[in-house]
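Subject: The structure we talked about

Hi there,

Here is the structure I promised to hand over. Have a look at it first, and then read on for what I found.

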Amino acid sequence: MSTTTKREVRLPSVFEAIIPILVMVGLMVYVFAFSDEQYDAAHMPLVVALVVTCIIGFICGHTFQDMLEGIMNRIDATLEAILILLTVGLLVSSFMMSGTIPTVIYYGLDLLTPQFFLPVGCVLVSIVGLACGSSWTATATIGIAFMTIGEGLGMNPAITAGMVISGAYVGDKFSPLSDTTNLAAGVAETGLFDHVTAMVSTTFPVLLISLILYTLIGFSSGSVAGYDPSIAEGIRTAIAEHFNTNPLVMLPILVIIAVCLLRIPGLPGVLISVATGVLFALIFQGGDTLGNIFSVLHYGPTIETGNEFLDKALAKGGMNNQMWTVNLILLAVAFGGALERCGIVERLFGKLKKRINSIPGLLFTTMATSIFCDAAMCDQFLGIGVPAPLYADKYDELGLGRNMLSRTLEDAGTLWAVMFPWTACGAYQMRTLGVNPLYYFPFAFVNLLNPIYAVVTSLFGRNIFWADGSFTNLFGHTRQGKVAKAPEEAHAKALKALEEMRQAGRAPRVK
């Protein structure tokens, strides 16, 4: 009679747990600091770190099939976000074809003055970020324009870059087209628009604070004497010569807003917006062949205005150009899934989790874990994807809505990933804007202040979304709202916990 001996599975030791992290950090430092630009992406370090994690998992008793299952579970949770990201490439191309983004730049430049350059720029970058659903696209288009204009105004490049980053990430967070927005909602297992609604409670007030700070800087910078209007005028002239800048061309942005208000699911919403952009291109920018439309949507536009800077700024979009990011997402999420299945995350943060007994403590710990994942694992997708399964049950135990979890993941995981020059976000923005993140981040007020604002308001029992759909606002009033989507069993657990907390006087009742 034959017997099969099943291997005993154990948690890794602390030393074993930090090995994949050290491998990842070491390779990232090499790639971005010492490789002489022979290779400047995060993909291969992720591959190596993923292999090392699987080896650690095997040492701890996991089979290859078990590790693969953990990886596939995490990837499965992000598939919708990946599909949306692919179609976002189509969206950017269609908005370039239609003249929507060039026209936003055209009229935006006409509104700028040295005093209001920063606040107006922040708002305009936010609009483009919302329309594109991508902070990377916003900085790579209108963001580059503002960097050049800022130089003409005599503005410190670090301040301008901080403003661009703030605006880009506001638009990214509020857009249902954003990959991180969809990822955060997906891993928290809540609805996309439940998540977007929750983010408004922290990001919008911080945006207003940031606009005030940018206005104060504008009036105190003394840059009026250094103003060079020829830079902005040269860009506007090039746009006017090659695009129909009828204000109606900006209407596709309103379609994006309508998609948000009507709560159309992300993927259909993007496709509706793409169709609108193509239609406006045919109406306002002249007829084109079907083959060329397909080519632009797939590979991105090739725009030649004679203005070298503008041509480079507008050569964005295309589904094919999204594959770099899609590959990164797949590898990053796979790495996170392997870390989770191997028990590395549990070993590093499990004991800390058991000590959490308050909402402010839970928010702070979630954010600290997200920032650790950003810095150590070098990507915002891990800053969102790794903490979610680790702390989800704690949000249920404290009677919170799952959109509270998704909001907290983005408040830190998305916004602080751009702080580190060795992360994918930081490296990309540093190359795009030409400023090291360590220099611009003190002026990226939205990114810097958002997690601080979220934790501080929670200390006073404000800005909290509860499991029954109620919301305690900034003024301490608790009003009934829409119940956020959550797994059925988890939602029942959270409702029971909330009722117990209210009976004990530890949670406010709806008034």
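Asn-463 is buried, because its relative accessible area is 3% and the cut-off for buried is under 20%. You will find Asn-463 in the loop between helix 23 (445–459) and strand 1 (464–465). Its backbone is worth a look too: the phi of Asn-463 is positive, about 60°, although the residue is not a glycine. Please keep in mind as you read that this is a predicted model.

Which other residue has a positive phi of about 60° although it is not a glycine? That is Glu-189, which sits in the loop between helix 8 (179–188) and helix 9 (192–220). Glu-189 is partly exposed, with a relative accessible area of 45%.

Glu-189 also brings us to the salt bridges. The structure holds 10 of them. In one, the side chain of Glu-189 meets that of Arg-402, at 3.7 Å from N to O. Arg-402 belongs to helix 20 (residues 402–414) and Glu-189 to the loop between helix 8 and helix 9, so this pair ties together parts that are 213 residues apart in sequence. Is Arg-402 buried or exposed? Arg-402 counts as buried, because its relative accessibility is 6%. Arg-402 has a salt bridge with Asp-396 as well, and there the N to O distance is 3.0 Å. Asp-396 counts as buried too, at 4% relative accessibility.

Another salt bridge joins Arg-341 and Asp-66, whose closest N and O atoms are 2.6 Å apart. This pair links distant parts of the chain: Arg-341 is in helix 15 (residues 323–342) and Asp-66 is in helix 3 (residues 64–97), with the two positions 275 residues apart. Arg-341 counts as partly exposed, at 24% relative accessibility. There is also a network of salt bridges, which links Lys-173, Arg-407 and Asp-411.

Now for the inside of the protein. The largest nonpolar core has 76 residues, and the ones that touch the most other members are Ile-105, Phe-117, Leu-118, Ile-142, Phe-146, Met-163 and Tyr-169. Which helix gives the most to this core? It is helix 7 (residues 157–174), with 10 residues. A second, separate core is made of 62 residues, including Ala-49, Val-326, Phe-465 and Leu-498.

To get a feeling for the packing, try clicking on Ile-142. If you leave aside its neighbours within four places in sequence, Ile-142 is in contact with Val-104, Ile-105, Leu-124, Val-125 and Val-128.

Then go to Ser-135, which you will find in helix 6 (residues 135–152). Ser-135 is buried, with a relative accessible area of 3%. What does Ser-135 touch, not counting residues up to four places away in sequence? The contacts are Ala-168, Tyr-169, Asp-172 and Gln-429. You have met one of these already, as Tyr-169 is among the core residues that touch the most other members.

Next, turn to Arg-479 in strand 3 (residues 478–479). Arg-479 is partly exposed, with a relative accessible area of 42%. Not counting residues up to four places away in sequence, Arg-479 touches Gly-469, Ser-470, Phe-471, Val-510 and Lys-511. If you would like to practise with the distance tool, choose Arg-479 and Val-386: they are 93 residues apart in sequence and 32 Å apart in space, C-alpha to C-alpha.

Last of all, come out to the surface. Val-14, Phe-15, Ile-18 and Leu-22 make a nonpolar surface patch of about 410 Å². Phe-15 is found in helix 1 (residues 14–34). Why does Phe-15 count as exposed? Its relative accessibility is 60%, and exposed means over 50%.

If you want a route through the structure, you could begin at Asn-463 in its loop, go on to the salt bridge between Glu-189 and Arg-402, and finish at the surface patch that includes Phe-15.

Enjoy exploring, and write back with any questions!

Best wishes

Note on methods. Residues are numbered from 1 along each chain as its sequence is written. This is a predicted model: local features need pLDDT of at least 70, side-chain atom pairs count only at pLDDT 80 or more; totals for chains, interfaces and linings use all residues. Side-chain values use heavy atoms; hydrogens and water are left out. Patches are made of residues with over 30% relative accessible area and no salt bridge: like charges are joined within 9 Å, nonpolar side chains (Val, Leu, Ile, Met, Phe, Trp, Tyr) within 5 Å. Accessible areas come from the Shrake-Rupley method with a 1.4 Å probe; for residues, only the protein chains shown count as cover. A salt bridge is a side-chain nitrogen of Lys or Arg within 4 Å of a carboxyl oxygen of Asp or Glu. Helices (H or I, at least four residues) and strands (E, at least two) are DSSP runs, numbered from the N terminus. Buried means under 20% relative accessible area, exposed over 50%, partly exposed in between (1.4 Å probe, protein chains only). A nonpolar core is a set of buried Ala, Val, Leu, Ile, Met, Phe, Trp, Tyr and Cys residues joined through side-chain atoms within 4.5 Å. Contact means heavy atoms within 4.5 Å.
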